[in-house]
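Colleague: I keep meeting words like "buried" and "oblique", and I would like to know what stands behind them. Could we go through this model together?

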Amino acid sequence: FKRPKIALIGGGQIGGVLAQLCALRELGDVVMFDIVQDMPQGKTLDIAEASRIDGFDVKLSGTNSYEGIAGADICIVTAGLPRKPGMSRDDLLTTNANIIKQVAEGIKTYAPDSFVIVISNPLDAMVTLMKEVTGFPANRVFGQAGVLDSSRFATFIAWELGVSVKDVNALVLGGHGDTMVPLVRYANVNGCPVMELLEQKYGAEKAKEVMEEMVKRTRNAGGEVVALLKTGSAFYSPASAAIQMAEAVIKDEKRVLPVCALLNGEYGVKNLYVGVPVVLGANGVEKIIELKLNEEEQKMMDVSVNAVKGLVEDMKRLGFLS
Ligand code: APR
């Protein structure tokens, strides 16, 4: 049997954590690509030299040429600039679109059968561009956003209720921006509705306020980290999220995870990448799950979808998309 080959395109903050997690979980052999000379070689060498201590048997290597990713089974893309304090993800559009275009050409040429998980921001737009340039089928090109946004929401709920985060299920839909849609009605602690638990703790009125605060914090969670770090954006949690997705594909787990996927009529949206729950397995996005949203939720989803549409229009105007 052949070990899976995982190509990490971008060896910066997220790329480094991705490589270490791939090794610790023995997900497959790792090749890290970056344009910075020698850096991916150094980073992967550093991680590989912990193999005796952590006890992993995978190979790690770095490269500055796309030939190095030849035959990759899965590519995880973090190439591109991160935000600085005060920037929105959308401010990265032109710079990162130029980078993603190059990356997509490299993947198309050297890893034409791979699954591609995009993390670079603005996420929904970068996934769209990746799909267009590679021409890969939609089940093989998708983006990481919802797994992290949902984990953030779940974490805040767990802290608020003083319960194990392992028991919290919380789902965030929509685009990976300020208009994302945390689904309050579906949030639960091992089957117990979160709103009911909050009402028991605070009464109906205050419970609503507390939830609104958590929704707000979830939407701004990336920005909160950026403001504290000052020199970059979140990198541990986005890496963990993408690894959960890669693992679902590599091990054919059929995980139900929120993923930025190409919609074809679901949620009233056609031919647009948006975050929705999907079944993730050996064929990548195997099924899109369409939840019945109530009027208020659908309205929020529409706002988020329109924000993504705006980004796609900008990309067309700038000549990145046809
Ligand atoms: N090809 C490949 N890699 C590139 C290219 C390119 N054309 N241009 C830049 N890079 C590399 C940089 O050299 C750097 O090592 O991408 C890496 C990005 O790493 P960081 O700057 O540390 O950013 P990181 O925190 O990892 O975030 C990467 O993910 O969450 C998003 O908004 C975030 O868009 C950002 C991306």
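Modeller: Gladly! Let's start with burial: a residue is buried under 20% relative accessible area, exposed over 50% and partly exposed in between, using a 1.4 Å probe and protein chains only. Please remember that this is a predicted model, where local features need pLDDT of at least 70, side-chain atom pairs count only at pLDDT 80 or more, and totals for chains, interfaces and linings use all residues. Residues are numbered from 1 along each chain as its sequence is written, and side-chain values use heavy atoms, with hydrogens and water left out.

Colleague: Then why is Val181 called buried?

Modeller: Its relative accessible area is 1%, which is under the limit, so Val181 counts as buried. Its contacts (heavy atoms within 4.5 Å) include Leu171, Val172, Leu173, Arg219, Glu297, Met300, Met301 and Ser304, leaving aside neighbours within four places in sequence.

Colleague: What makes the stretch holding Val181 a strand?

Modeller: Helices (H or I, at least four residues) and strands (E, at least two) are DSSP runs, numbered from the N terminus. Val181 lies in strand 9, residues 181-182, a run that meets the minimum for a strand.

Colleague: And what is Gly310 called, buried, partly exposed or exposed?

Modeller: Partly exposed, because its 29% relative accessibility falls between the two limits. Gly310 sits in helix 11. From Gly310 to Ala125 there are 185 residues in sequence, yet 9.6 Å in space, C-alpha to C-alpha.

Colleague: Ala125 brings us to helix 5. Why are helix 5 and helix 11 called oblique?

Modeller: Here we need their axes, which are lines fitted to C-alpha atoms over the stretch in contact, with angles from 0 to 180 degrees between N-to-C directions. Under 35 degrees counts as roughly parallel, over 145 as roughly antiparallel, 65 to 115 as roughly perpendicular, and the rest as oblique. Helix 5 (residues 123-134) and helix 11 (residues 295-317) pack at about 50°, with axes 9 Å apart. That angle fits none of the other ranges, so the pair is oblique.

Colleague: What is the hand of their crossing?

Modeller: It is right-handed. A crossing is left-handed if the near helix is turned anticlockwise from the far one by less than a right angle, and right-handed if clockwise.

Colleague: Which residues meet there?

Modeller: Asp124, Ala125, Met126, Thr128 and Leu129 come from helix 5, and Val308, Leu311, Val312 and Met315 from helix 11. By class they are seven nonpolar, one polar and one charged. Ala, Val, Leu, Ile, Met, Phe, Trp, Tyr, Cys and Pro count as nonpolar, Asp, Glu, Lys and Arg as charged, and the others, Gly among them, as polar. Asp124 is therefore the charged residue and Thr128 the polar one.

Colleague: How does helix 4 pass helix 5?

Modeller: In a right-handed crossing. Helix 4 (residues 93-110) packs against helix 5 at about 35°, with axes 9 Å apart. Their contact has eleven nonpolar, two polar and three charged residues.

Colleague: Just before helix 5, what makes the bond between Asn121 and Pro122 stand out?

Modeller: It is a cis peptide bond, with omega about -5°, and most peptide bonds are trans. Pro122 is in the loop between strand 5 (115-118) and helix 5.

Colleague: Ser120 is in that loop too. Why does it count as buried?

Modeller: Its relative accessibility is 6%, so Ser120 is on the buried side of the limit. The Ser120 side chain also reaches the backbone oxygen of Ala79 at 2.6 Å.

Colleague: What makes the link between Glu247 and Arg25 a polar contact?

Modeller: The term needs a pair of N or O atoms within 3.5 Å; within protein, one must be able to donate a hydrogen and the other to accept it, and residues adjacent in sequence count only if both atoms are side-chain atoms. The Glu247 and Arg25 side chains are joined at 3.1 Å, so the distance fits. Glu247, in helix 10 (residues 236-250), is buried at 12% relative accessible area.

Colleague: Last one: what is unusual about phi in Tyr267?

Modeller: Phi of Tyr267 is near 55°, a positive value in a residue other than glycine, while most residues other than glycine have a negative phi. Asn271 in strand 13 also has a positive phi, about 55°. Tyr267 is buried at 4%, whereas Asn271 is exposed at 60%.
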